[in-house]
Amino acid sequence: VAHLIETVRTFIIQANLASSLADQGVPRESLPQLAEEAAQQWTADFNPRKVAAAEMLEIYKAAFDNEA
């Protein structure tokens, strides 16, 4: 898994793509609303584990700060 992560990171760098929500211009203050909306999306029903807005917010924070 670690090798896969490094390979994807290398591709992102080579393609000069933004690697975080911050780099995409997403304001940090919008993360709670995004998390709430994501928790309500029908696609969340396909997750093998129930995910609440609080858990989604942690995922968004990690994506904002580019934490793998």
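Which backbone oxygen does the side chain of Asn47 reach at 2.9 Å? In this predicted model, that partner is the backbone oxygen of Arg49, which the Asn47 side chain reaches at 2.9 Å. Asn47 itself has its place in the loop between helix 2 (31–40) and helix 3 (53–65), and with a relative accessibility of 35%, a value that lies between the 20% limit for buried and the 50% limit for exposed, Asn47 counts as partly exposed. Glu37 stands 10 residues away from Asn47 in sequence, and the two are 15 Å apart in space when taken from C-alpha to C-alpha.

From this loop the view can widen to the chain, which has three helices and zero strands, its elements running α-α-α from the N terminus on. The radius of gyration of the chain is 14 Å, whereas the globule rule gives 11 Å for 68 residues, so the chain is more spread out than a compact globule. Along its principal axes the C-alpha trace spans about 35 × 30 × 15 Å, and buried residues make up 16% of the 68 residues.

In soluble globular proteins, nonpolar side chains tend to be buried together. Here the largest nonpolar core has nine residues in all, namely Leu31, Ala35, Ala38, Ala39, Val51, Ala53, Met56, Leu57 and Phe64, with helix 2 and helix 3 each supplying at least two residues of this core. Within the set, Met56 touches Ala35, Ala38, Ala39 and Val51, residues up to four places away in sequence not being counted.

On the outside, the accessible surface of the chain comes to about 5,400 Å², and 58% of that surface belongs to carbon and sulfur atoms.

Conventions:
Residues numbered from 1 in each chain as written. Predicted model: local features only at pLDDT ≥ 70, side-chain atom pairs only at ≥ 80, totals over all residues. Heavy atoms only, no water. Helix = DSSP H or I, 4+ residues; strand = E, 2+ residues; numbered from the N terminus. Buried < 20%, exposed > 50% of the residue type's maximum accessible area, 1.4 Å probe, protein only. Polar contact = N/O pair within 3.5 Å; in protein donor to acceptor, adjacent residues only side chain to side chain. Core = buried A, V, L, I, M, F, W, Y, C linked by side-chain atoms within 4.5 Å. Contact = heavy atoms within 4.5 Å. Rg over C-alpha atoms; globule rule 2.2 N^0.38 Å. Areas by Shrake-Rupley, 256 points an atom, 1.4 Å probe, with all protein chains shown as cover.
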